[in-house]
Amino acid sequence: MPNATPAALIPTLQASVDEALGTLVPDLEPAELYEPIRYVLAGKGKRFRPLLVLLTARALGTSADDALPAALSVEVFHNFTLVHDDIMDHSDERRGRPTLHVRWNDSTAILGGDYLYLVAYEQLALLPPAILPDALRTFNHMVKRLCEGQMLDMAFETRPRVSVAEYLDMIDGKTGALLVASLELGGLVGGATDEQRTALRTAGAALGRAFQIQDDLLDLMTTSAKWGKRVGGDLIEGKKAYLLLQALERAEDDDHAWFQRIVDDKGLPADQVDDARERMLRLGIIDQTRQTAEGYYGEALDELDVLPDTDATALLRDLIGTMRARLY
């Protein structure tokens, strides 16, 4: 991997991940299996998770080349989860393109996802033998927690009551687990101490909560044309996301009854989204949600103090700061 100035390092690392992803699945038969898999891996993304791996390893003095297999393992696994999520959510589009199951069919998408799962472990197996057992334990724990979180998210759809604490536990699995694994794998490749690995796990969990709460907030408050989804979609679908759960725990009397109807009716009419936003603003729920996400971002950044003061550590902080900036 070529050397790059600090300012150019992140796009250089992103390009190296994109290039490597394009080599993972050969042009084999049956084409009906391999073409859809290459289609998924060719989809453009921010490559946030592999960047966490690469920058953490580099901060600890290990080259990005040595950390690339771990970075690819988390990115391929992330794509596997997206393929299966799209089937479960009946999503038609991902990253500006038709989802795999829409472009082909559900059966092809399930098989393609299964193959991506294999590729993720193939990349993990390329790590040095000395750290491979720990890497496998980290990866396997991530898979377990992610599945638990996904199942909780599905179970919440039919439960009449979900607490904010239960929702945060779900986030720790569905969203946080892969971020925890990304930072810890980067630490493992970089030779992190036990203390550093513990801090990296804590940072990943805090990032997961920050990301999900931020997305829940943006779902109602964004004004960006790049959002790509219907504003207020969580409320319209009756999803028990952070804002609604906070409203149900904090609102009283008529306000509580108004928000409870969203749960009882399994959704909110689209023409009442503005009303929901105004009620949440008046009750202080929007400000509280933004402050909560800020707090988790701050916790993640504080935990990164265990890393040496290097250009890569600064870039890791900048990367998290870029995501944090979406709060405003």
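**Aromatic contacts in close-up**

The structure holds 11 aromatic pairs, where rings of Phe, Tyr and Trp (its six-membered ring) pair if their centres lie within 6.5 Å. This is a predicted model, in which local features need pLDDT of at least 70, side-chain atom pairs count only at pLDDT 80 or more, and totals for chains, interfaces and linings use all residues. Residues are numbered from 1 along each chain as its sequence is written, and side-chain values use heavy atoms, with hydrogens and water left out.

**View A. Tyr-34 meets Tyr-115 edge-to-face.** The ring centres are 5.3 Å apart, with 90° between the planes (planes under 30 degrees apart count as stacked, over 60 as edge-to-face and the rest as tilted). Tyr-34 belongs to helix H2 (residues 31-41) and Tyr-115 to helix H6 (residues 106-124), so this pair links parts of the chain 81 residues apart; helices are DSSP runs (H or I, at least four residues), numbered from the N terminus. Tyr-34 is buried at 11% relative accessibility, and Tyr-115 is buried at 17% (buried means under 20% relative accessible area, exposed over 50%, partly exposed in between, with a 1.4 Å probe and protein chains only).

**View B. Tyr-39 pairs with Trp-104.** Here the centres lie 5.2 Å apart and the planes stand at 75°, so the pair is edge-to-face. Tyr-39 is in helix H2, while Trp-104 is in the loop between helix H5 (100-103) and H6, 65 residues apart. Tyr-39 is buried at 11%, whereas Trp-104 is partly exposed at 24%.

**View C. Arg-97 joins Tyr-39.** The charged end of Arg-97 sits over the Tyr-39 ring, 3.8 Å from its centre (NZ of Lys or CZ of Arg within 6 Å of the ring centre and within 35 degrees of the ring normal).

**View D. One aromatic cluster.** Its members are Phe-77, Phe-80, Tyr-117, Tyr-121 and Phe-139.

Technical notes: Helix = DSSP H or I, 4+ residues; strand = E, 2+ residues; numbered from the N terminus.
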